[in-house]
Amino acid sequence: GCLEKGMRLQVSAALKEGQVTPTQLCQRCLALIRSTKFLNAYITVAEESALKQAEESEKRYRRGQPLGVLDGIPISVKDNFNTTGIETTCASNMLKGYISPYNATVVQKLLDQGAVLLGKTNLDEFAMGSGSTDGVFGPVRNPWSYSRQYKEKSVSKSLSEDEESNWVITGGSSGGSAAAVSSFTCFAALGSDTGGSTRNPAAHCGVVGLKPTYGLISRHGLIPLVNSMDVPGILTRCVDDAAVVLGSVAGHDPKDSTTIQDNFKPFELPDLTDVSKLSIGIPKEYHAPGLSSEILALWSNAADLFKNAGAKVIEVSLPHTRYSIVCYHVLCTAEVASNMARFDGLEYGHRSDMNESTESMYAATRREGFNDVVRGRILSGNYFLLKQNYENYFIKAQKVRRLIASDFVKVFRSGVDILLTPTTLSDAVPYMEFIKEDNRTRSTQDDILTQAANMAGLPAINVPTALSERGLPIGLQFIGRSFQEKQLLTVAKWFEKQVKFPMIQLEEVKRLDHGVFQHQKSASFS
Amino acid sequence: LASWVAVVGLEIHAQISSNSKLFSGSQVQFAAPPNSLVSFFDASLPGTLPVLNRRCVEAAVMTGLALNCSINKKSLFDRKHYFYADLPAGYQITQQRVPIAVNGSLSYSLCIDNKMSQMVTKTVRIKQIQLEQDSGKSLHDDTRSQTLVDLNRAGVGLMEVVMEPDMCCGEEAAAAVRELQLILQTLGSSQAVMAEGQLRVDANVSVHHPGDPYGVRTEVKNINSIRFLAKAVDYEIQRQIEELENGGTILNETRAFDSRLGCTVPMRDKEGKQDYRFMPEPNLPPLILYDAKSLPANMNHQQVVNIDLIRERLPDLPSVKRAKLVEQYKILPEHSFTLLNEEGLTEFFENVVKQTQMKSRKVIGWILNDLLSYLKQHSLTVKESPVSSFLLADLLNLLEKKEISAAAAKQVLAELWKGEGKTPLEIVKEKKLELIQDQKELEQICQMVIDGHENEVIMMVLG
């Protein structure tokens, strides 16, 4: 129970009071990144620039003029966000060595607040996948694989089994970011969420994963997967921190025409004590085939928790949930096929040596640059977009999408404030087991609980809830109304307080443990 | 031999006259150093997003109104996919489903039998106007087996104007395009200079026997001037007629006009029919336009395009200008066409009229016959005329006051062309071209002539 008031340290306050300096904080994080290299959470570590940023932050603190709560706070960013001076690879051969000339808006906003950018985190290639296993830099390992909690539980297994082959996946596609936050190498990380890519790894890595409402946060500079569903995601160790990061990055961006014009006001989360006015909806369709009995029980307990605290808890129905996978498949691949058309080797990125003709150069470049998963989706997408197929697939899928979105509208209109669902079907599986099925199969299975929120553009958050029998994190998901992030996060924060999710016990973190480093272990920075 | 009817439709791309491109802030400029006007978005750098340029929308609305179209208060953007070196994103953003303007018309005039004396008015329906991106330029360097790509033009705003197949020959097509050009230039929505690629015309041509359904059509591209447009269309019509009369068939193909040979040739086949895999552009919300009625009270006017406001601010279109000229100056309709057709000529004419007592309907003759033919002979524009409106007015005043004869005036004009800086009066004095007004002097001269030609006088008296 590390979230008890006594243990909860406030890094920002510590920075302000000079108990720790930005440079010290930065160095600790960099050291921890080095000692947890086996997690493969980072693709690029920007040591030099990070230290420089920390130095600048330190100057500001000395002057008594920090830019805000985020000043000096080490963060990391998923490698599908554009960053100047630091490679942006999308974990693909297509963009190996690519250095963007501009920062994504969300990155710029964080830097403008004084955040220290430690590096770019690992992902599935071009964010396609649910394991963070299919990037060219190799898979990301879930830090919980090396936790005392997990190791204790796997003692019952054969002692001759190598720790190496036992490690579990982070989930995906923002696995690197989730692992980075989970292993304390940074205080917050940016991910992206198209079908669950922030919430899924958040659940498996025991961290908070927020998917904001579509249109709230700028996508300018986020290399797109599905433009009509992508959002930047926020990963932190507690809900309050997620609110702080959200406050720094949300709001209209003239460079992104899909962001809403309304003024966004950052908010602080109240400490909810009375939930009697809340109506929690439990969508019965989320009792999906394959849902582990463990998670089912946890979900049920959570519902009871709310009921016992006085909230109204009712079963609701989202009848079109079962069509969301195929619908997502059609719309996602169609947009992917379109978005990937720009990768031809001409202006940037990998260019094949094949130069007999422009066409052959394009074909070879794309064959060499993309992995099977990407190419598979492009082919599918192009198929659905063919004139003769467009009506039957794309248009149909658009209609089904509207139905899925209407399901939510109806439920929220009926008086429900928040929906409570599981985030994943089970706890994290071992890598060796995960790779037995292909990427498409896995994505199909794993996205079921998360991607309806992307279809409908709704905000959703994973809150780490409890450890599984295997000692691995299980999270539960809250889905809220459009642009009602404050309400969503308030409820999530109350829930977080009730469940008191345990802190990960990592050797590497312990080794660096001394007075100053208490801040590192702190769940929150705000 | 049964008669043939030709059917001609046009697809016209007009580059929008704006400071920046349709979806990005990079500049629009002709003949800039290669790849010097390319934003991150134009280069399709991953993660960049389109932002709609308001000025381009206004240009399209203006053009739609001038062409009597219905302006769609809600129009949509789509992606049209194909791979080509000058299309960095692998798709063009266009308006395929719902364009910004539809169902308009354009009236244009033709001279019957090549005489300027008989003009007839024709109308062509405008199917639609859509906003879309221009592509970059690619140049094939065969000696070094490479393709050079210049993206300066990539992303520049275009209005595609689709004219229904209501035209029947090259002359009609040319006249319609000429009128469109004038309209665009008057509005300022496009400079529409074909030589600079600001106006590109593709012609769709087919032939059939009267009463039969339309024949297979071909698309003719690579037409670089209005004159060539007429030639290309007429050639293609002839070619199709000959082909069919010889028992052949017409292929639904794309042909290029070869201006040197004056014929159309098949273009390289692009793997049969292209499927462009149209898809809605997800990064651009629907384009909503307002009018006075639908405009919400609290909306920021900077953020909004108001169709009624644009309509109010439309300048006089060429047809209106011509009618006004005819009325005001009592000239013939065909005169007004010539005046508008020549850049600066109307202004010149009006300036002369202002500065002279000669009636405008007499002045027009001097403008169109003398001034214009001289300029044409020497390939000069009105701006480059060595004779200014002031000088011409001066000369015409002398004529009007009967100080010189018409014949003498022409002589003076011939001198003025030399541009030696002399005034008409100075030339008259120099060449002794003054009309003699004095009765006695005239009598003396006449007597002299009679005295000097006794024989001729006797012949005349005898009859």
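**Figure 1. Helix α1 of chain B lies across four strands of chain B.** Spanning residues 54-66, α1(B) crosses β2, β6 (101-111), β7 (119-133) and β10 of chain B. The helix runs at about 155° to β7(B). Contact means heavy atoms within 4.5 Å. Helices (H or I, at least four residues) and strands (E, at least two) are DSSP runs, numbered from the N terminus. Axes are lines fitted to C-alpha atoms, for helices over the stretch in contact, and angles run from 0 to 180 degrees between N-to-C directions. This is a predicted model: local features need pLDDT of at least 70, side-chain atom pairs count only at pLDDT 80 or more, and totals for chains, interfaces and linings use all residues. Residues are numbered from 1 along each chain as its sequence is written, chains are lettered from A and ligands numbered from 1 in the order in which they are written, and side-chain values use heavy atoms, with hydrogens and water left out.

**Figure 2. Nine strands of chain B form an open sheet.** The strand order is β2-β6-β7-β10-β1-β11-β12-β13-β14, and the pairing is mixed. Two strands pair if DSSP finds at least two bridges between them. The edges are β2 (70-71) and β14 (263-266) of chain B. Each has a single partner strand, so one side of each lacks a neighbour in the sheet. Strands β1 (residues 5-15) and β10 (residues 157-167) of chain B run antiparallel, joined by seven bridges. Ala14(B) has Met159(B) as its bridge partner in β10(B).

**Figure 3. Helices α9 and α11 of chain B pack at about 50°.** Their axes are 9 Å apart. The helices cover residues 389-400 and 424-431, respectively. α9(B) and α11(B) are therefore oblique to each other; angles under 35 degrees count as roughly parallel, over 145 as roughly antiparallel, 65 to 115 as roughly perpendicular and the rest as oblique. From α9(B), the contact takes in Leu391(B), Asp394(B), Leu395(B) and Leu398(B). From α11(B) come Pro424(B), Leu425(B) and Val428(B). Six of these residues are nonpolar, none is polar and one is charged. Ala, Val, Leu, Ile, Met, Phe, Trp, Tyr, Cys and Pro count as nonpolar, Asp, Glu, Lys and Arg as charged, and the others, Gly among them, as polar.

**Figure 4. Helices α9 and α18 of chain A pack at about 160°.** Residues 239-249 make up α9(A), and residues 485-499 make up α18(A). The axes lie 9 Å apart. The two helices are therefore roughly antiparallel. α9(A) contributes Val239(A), Asp240(A), Ala243(A) and Leu246(A) to the contact. α18(A) contributes Glu485(A), Leu489(A), Ala492(A), Lys493(A) and Glu496(A). The contact residues comprise five nonpolar, no polar and four charged.

**Figure 5. Chains A and B share an interface of 42 and 33 residues, respectively.** The chains bury about 2800 Å² between them, with 57% of it on carbon and sulfur atoms. Buried area is the accessible area (1.4 Å probe) that two parts lose on being put together, summed over both. Ser257(A), Ser338(A) and Arg342(A) supply 20% of the area that chain A buries against chain B, more than any other three residues. Between chain A and chain B there are zero salt bridges.

**Figure 6. Arg375(A) and Asp372(A) form a salt bridge.** The N to O distance is 3.3 Å. A salt bridge is a side-chain nitrogen of Lys or Arg within 4 Å of a carboxyl oxygen of Asp or Glu. Both residues belong to helix α13 (residues 372-385) of chain A; being three residues apart, they are separated by about one helical turn.
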